Amino acid sequence: MWFVKIETGIVPKPEFDRYIPAHKAYVQDLIDRGHQAKTGYWGEYGGGMMLFQADSLAEAEQIVAADPLIQNHCVSYKLHEWRITLGGNY
């Protein structure tokens, strides 16, 4: 199953930026473990998105909880299961 974490920054950019290296390492670990994670930020200031695979909503929630941006209270977020209807396996 695919999941999407949509986030909004809630701290000043210098504080947020302190955790970007840890966030990138976390996402690389997800990629290495087969979750096909993709992450990025909005062109306008203040948020971004992560797309990834997990076996269940419970696993997706655990994955998101491990994100350094979440653990350090840098973003608020919403987690959604994304059900692909075209362009992939569904």
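## Glu7 and helix α2

In this predicted model, Glu7 lies in strand β1, which runs over residues 2-9. Because its relative accessibility is 6%, and buried means under 20%, Glu7 counts as buried. The side chain of Glu7 makes a polar contact of 2.6 Å with the side chain of Lys5. When neighbours within four places in sequence are left aside, Glu7 is in contact with Trp42, with the glycines Gly46, Gly47 and Gly48, and with Met49, Leu69, Val75, Ser76 and Tyr77.

Helix α2 covers residues 20-32, and its 13 residues should span 18 Å at 1.5 Å a residue; the C-alpha atoms at its ends are 18 Å apart, so the expected span and the computed one agree. Within α2, the residues His23, Tyr26, Val27 and Leu30 are buried. These four cover an arc of only 95 degrees around the axis, which means that they sit on the same side of α2. Pro21, Lys24 and Asp32, by contrast, are exposed on the other side of the helix.

The cover over the buried residues of α2 includes strand β1, the strand in which Glu7 is placed. Also included in that cover are the elements listed here.

| Element covering the buried residues of α2 | Residues |
|---|---|
| β2 | 38-41 |
| β3 | 47-53 |
| α3 | 57-65 |
| α4 | 68-71 |

Just after α2, the chain reaches Gly34, which takes a positive phi of about 90 degrees.

Terms used. Residues are numbered from 1 along each chain as its sequence is written. This is a predicted model: local features need pLDDT of at least 70, side-chain atom pairs count only at pLDDT 80 or more; totals for chains, interfaces and linings use all residues. Side-chain values use heavy atoms; hydrogens and water are left out. Helices (H or I, at least four residues) and strands (E, at least two) are DSSP runs, numbered from the N terminus. Buried means under 20% relative accessible area, exposed over 50%, partly exposed in between (1.4 Å probe, protein chains only). A polar contact is a pair of N or O atoms within 3.5 Å; within protein, one must be able to donate a hydrogen and the other to accept it, and residues adjacent in sequence count only if both atoms are side-chain atoms. Contact means heavy atoms within 4.5 Å. The expected span of a helix is 1.5 Å times one less than its number of residues. The arc is that of the directions from the helix axis to the C-beta atoms.
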